[in-house]
Structures are given as C-alpha cells and as structure tokens.
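Good morning, and thank you for joining this session. Before I begin, please bring the sequence and the model up in front of you.

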Amino acid sequence: MREEILSAVQRRNMFLAPDAYRLVEENNEPMAFINSILNAMKDNQIFITKQDVLDFMCGDKGTMSEEKYIKPVVKRCSDIHVVDNSDITGKSTCTGVMKDFSKYFQDRYRTLKRIIESNKRFGQSIPLAKALTYDREVHVVGIIYSKTNYDNKSIGLKIEDDQGTICNAYIPADCPAAKDIFVEDQVIGIIGVPRRNSKGKNDRQPVASITVREIINPDVPEMNKWIPSDSTSTVAFLSDVHIGSTTFLEKSWKKMIRWMKDNSEGMDLNYIVFPGDVVDGIGIFPDQEKELNIADIYKQYETLAEYLKDIPDHIKMVVHPGNHDAVRPAEPQPALNKIFTGTFDSNVILSGNPVYVEAEGRKILTYHGRSIDDWVSNVQQLTYNDPIAVMKQMMTMRHLAPLYGQKTALAPEEKDYMVINTVPDIFVSGHVHGAGYLNYRGVRMINASTWQDQTDYQKNHNFNPEPAIMPVVHLGNGTVKMMNFRNA
C-alpha cells in the first residue's frame with residue numbers, strides 16, 4: 001500500500017511529508033483518501049504537509065468547500081426524470097453501413113465545434129482549406145486523426161475538418177499545450193499560424209501544416225459554478241452491485257439497507273442512481289460460471305428486484321445498464337428489457353447508458369464508465385487507481401469515449417450520445433470499482449464504488465477495489481459524503 005500511495009503522489013509531481021503519510025495510511029480507504037487530497041491541492045503546490053491533510057479532514061481544504069455560499073435562487077421541485085433526447089432507448093437508427101459512421105462523426109464534430117466556438121478566447125472558426133491560405137493567425141477546429149510525440153517534447157497532430165481537409169498541426173515543446181493529453185478522434189480548437197511551403201511567402205497555394213500557439217478544448221467554462229437551491233434532498237449512487245456473483249458483499253449491502261431505513265427520511269435521501277452492472281451477467285468473461293452463485297440471468301434480475309424492494313418506498317431509483325448487463329454491449333446502451341425487469345417496483349425508472357437525469361432541477365450525467373479501459377490503455381498518465389482523473393479528461397474533451405475502435409464498442413448512431421453537450425451539475429461513473437470525488441469547475445464528479453469484493457481476475461492483475469462506499473450528494477448546497485459500509 002505504501003508504494004501505491006507514494007506512486008499516486010509522484011504522478012502529480014508532489015511530495016508527501018512522512019507525518020502526512022501516516023495520517024493517510026491510517027485511513028480506512030487510503031487510496032481514495034489520498035486521491036481526494038491530491039485533487040483538492042492547488043495546481044502549483046509541491047509539498048503536502050500534515051497540516052494540509054488535517055485541513056482536508058476538517059473540511060478547510062476539502063474539494064467541495066471552495067465556493068462561497070450564494071443565496072439559493074433555484075426552487076425545489078420534488079421530481080426525478082430522464083432528460084429528453086439524452087436516452088438512446090427506442091431511438092437507435094444505426095445499421096452499420098458506411099453512411100451511419102459518416103453521420104456519427106459529423107454530429108460529434110459539429111456539436112463539439114459549437115461548444116468550442118462559444119469560448120470567448122476562440123470565437124468563430126474558419127474551414128481548414130481557407131485557413132491554410134493565410135499568412136496570419138487562424139482559428140480552426142479539427143478532429144485528431146493521429147498523434148506523434150517527438151524526442152524534443154514537441155507534438156505533431158494530423159487533423160481533419162468536416163469538409164475533408166487534412167493537415168498537420170505542430171505543437172512546439174515550449175507551447176503550454178505540449179503538456180496536454182491528446183487522443184485520436186478528439187475534437188479540438190486550434191489557434192495558430194499556417195506554415196509556408198518552399199514556393200514563397202506570397203504564394204497563395206494551400207500549405208500542409210499549422211504551428212500551434214494555443215489549443216482550445218470544449219471543456220467546462222471556467223466560470224461555471226454550482227448555484228445553490230433551497231432543496232434539502234440528497235441523492236445516493238450505488239454502482240456495480242453485481243448481483244449473482246459469489247463476491248457480492250451481501251453483509252455490507254444489508255448494513256447499508258439498515259442504515260437507510262433508519263436515516264433516509266431524516267437526511268432527505270429521496271433518490272438513488274445505479275450507474276450500471278447491477279447484475280454480474282452470464283458469459284461476460286472466460287470461466288465466469290466459476291464465480292457465480294446465480295447462473296441464470298433472469299434469476300439475477302429477479303434477485304435484484306427483491307433487494308431493491310428493501311429500499312424505503314419513498315426513494316425513487318434510476319437504473320441503467322453497464323457492460324455486465326443483458327443489453328447490447330455497444331454504447332450507447334438501451335434500457336433493460338421488461339423481460340428482465342417485470343418484477344421491479346414502480347418507483348424504479350429504467351434508462352439507457354449514458355443518460356442525463358434531472359433531480360429537483362439538478363442535471364445528473366450518469367455513465368457506467370466502460371471507456372475508462374480505453375483511456376487507461378492509451379494515455380500513460382492515466383491509471384485505474386485514479387478514475388477521477390480519467391473523468392476529468394472526459395469533461396475537458398466533453399466526450400465520454402472519444403477513442404473509436406478500442407475495447408469500448410461504439411454504435412454509429414445519427415447522434416453521438418457520448419458527447420457531453422450539456423454541462424451537468426453531477427457527473428457519476430463506475431465500472432472500475434473505485435471510489436472518489438472532485439469538484440471540477442462546479443461539477444461534482446463521483447466515482448461510485450462497487451458492492452463486489454475483489455475477484456480472482458482482479459487479484460491476478462493486482463487490482464484492489466474500494467467496495468461498499470455510497471457517495472451521497474446534497475442537491476441544495478452540493479456537499480458530498482462518502483459513506484463506508486464495508487464490514488470489518
């Protein structure tokens with residue numbers, strides 16, 4: 001554990017004082033604790049002292065306490081529902097022909113282009129073909145076709161626009177953007193100067209490259225904030241329940257249910273979101289049957305229904321699938337079919353994955369998180385130990401799964417449902433069985449743990465989950481609690 005903690009600190013180019021390390025090590029969930037501390041530190045901070053850790057524990061340096069109190073202006077409306085046009089359920093149009101792929105990437109490009117152009121530092125862009133004829137600064141939007149890292153720390157990007165023009169974008173080593181993360185199929189804005197070819201400065205024939213001065217990502221606006229409301233309600237997140245697995249933590253689950261029956265009304269816990277993998281599924285990985293105590297997919301969902309009936313009746317629930325659930329693996333995924341959910345109570349809302357739901361005026365973007373595998377596999381700086389850092393990149397690029405053709409199967413719909421076209425108040429994911437949170441420019445980002453203990457597969461890959469933690473967010477003031485129900 002010591003090496004894991006220190007490795008997490010080193011990846012942020014920080015140093016942890018010995019007495020500060022001891023406080024972290026004594027925490028029940030040291031990896032989730034250190035990642036939350038790291039996310040709360042200032043960008044230019046190098047040393048983390050014992051006092052920094054104590055301040056964080058007391059809330060003086062917490063990730064959710066940095067914004068000043070603002071008088072509530074949003075009135076409470078007791079309700080939770082799926083936001084229109086955010087759910088693929090019943091709306092799938094793709095047939096897998098080339099035309100579908102063209103429409104899919106055109107929608108991605110044009111949606112993110114509009115977001116980039118709304119940035120005051122960028123403004124209106126011009127087509128690449130036209131930009132390459134200029135000998136002055138230009139603003140263009142492109143989708144990344146490939147990336148090259150050079151020995152001198154500079155970066156070369158091959159980009160394309162919606163008119164089919166392709167060019168190279170060169171990011172010098174001394175440009176701040178040279179430290180950014182770039183992936184294939186990411187849409188970016190570029191402020192730069194076209195580079196002239198050998199025909200001379202006054203020749204107006206198009207050239208093949210642009211020297212980058214600044215990269216503009218779609219990102220969350222810097223001025224975005226959580227606007228307080230007069231709501232007293234809270235929403236909880238229970239991801240990766242994995243009913244049917246031999247490693248399902250039944251004792252911890254029942255401990256959580258007992259707590260909920262005693263305390264949910266007192267703390268106005270009125271909503272629960274389940275971000276996928278509610279059952280363990282069948283045939284998801286080789287020899288899975290050896291790790292199942294319910295080997296029938298219908299019985300897995302029937303058992304889940306019984307567990308959900310133990311949750312107090314006043315709590316409304318939203319359930320959507322993940323990669324272990326009985327729906328198509330390609331994302332976006334439709335809601336669970338009624339043949340599996342016929343025994344669910346009426347207070348359960350079924351939706352697709354990903355989806356926006358709105359609870360008392362708060363927009364919640366919930367995504368199972370399958371694409372985290374692709375982010376970790378393709379970006380050296382990102383690891384399974386810090387899923388919040390991956391989610392931050394999703395928000396920066398305003399796309400849940402920009403990399404096409406990786407482990408995450410993406411269905412070429414006419415609309416790219418993986419684009420984060422609206423900035424949410426809360427962004428939650430699961431999949432990697434980690435637990436953590438971060439306030440990123442007003443967005444409460446939550447990685448929502450699991451209710452499954454370490455599996456044999458995880459042991460073989462030296463992966464340690466952080467199970468039985470229930471994140472709870474206050475819909476009025478935005479405070480976050482990570483409630484631990486793990487049995488000793």
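Is T383 buried or exposed? The model before us is a predicted one, and in it T383 has a relative accessible area of 18%. Buried here means under 20%, so T383 counts as buried. T383 sits in the loop between α10, residues 372-378, and α11. Setting aside neighbours within four places in sequence, the contacts of T383 are R11, V376 and V390.

One of those partners, V390, leads us to helix α11, since V390 is among the buried residues of that helix. Helix α11 covers residues 387-397, and 10 of its 11 residues are buried, which leaves the helix mostly covered. In order, the buried residues are P387, I388, A389, V390, M391, Q393, M394, M395, T396 and M397. Just after α11 comes R398, which takes a positive phi of about 55°.

I turn next to helix α3, which spans residues 30-40. Why may we call α3 largely enclosed by the rest of the structure? The reason is that 10 of its 11 residues are buried. These are P30, M31, A32, F33, I34, N35, S36, I37, L38 and N39.

How does α3 pack with helix α1? Two packed helices are described by the angle between their axes and the distance between the axes. Helix α1, residues 2-11, meets α3 at an angle of about 15°, and the axes are 10 Å apart. Angles under 35 degrees count as roughly parallel, and α1 and α3 are therefore roughly parallel to each other. Their crossing is right-handed. On the α1 side, the contact is made by E4, I5, A8 and V9, and on the α3 side by P30, M31, I34, N35 and L38. Sorted by class, this contact has 7 nonpolar residues, 1 polar and 1 charged.

Let us move to a strand. V480 lies in β19, which runs over residues 480-484. With a relative accessible area of 13%, V480 is buried. Between V480 and R195 there are 49 Å in space, C-alpha to C-alpha, and the two are 285 residues apart in sequence.

Finally, a word on confidence. The mean pLDDT of the chain is 90, with 92% of the residues at 70 or more. Where does pLDDT stay under 50? That stretch is residues 60-69, for which the model has 29 contacts beyond four places in sequence. Thank you for your attention.

Definitions and conventions: Residues numbered from 1 in each chain as written. Predicted model: local features only at pLDDT ≥ 70, side-chain atom pairs only at ≥ 80, totals over all residues. Heavy atoms only, no water. pLDDT = per-residue confidence, 0-100. Contact = heavy atoms within 4.5 Å. Buried < 20%, exposed > 50% of the residue type's maximum accessible area, 1.4 Å probe, protein only. Helix = DSSP H or I, 4+ residues; strand = E, 2+ residues; numbered from the N terminus. Axes fitted to C-alpha atoms, helices over the stretch in contact; angles between N-to-C directions. Parallel < 35°, antiparallel > 145°, perpendicular 65-115°, else oblique. Left-handed = near helix turned anticlockwise from the far one by under 90°. Nonpolar A, V, L, I, M, F, W, Y, C, P; charged D, E, K, R; others polar.
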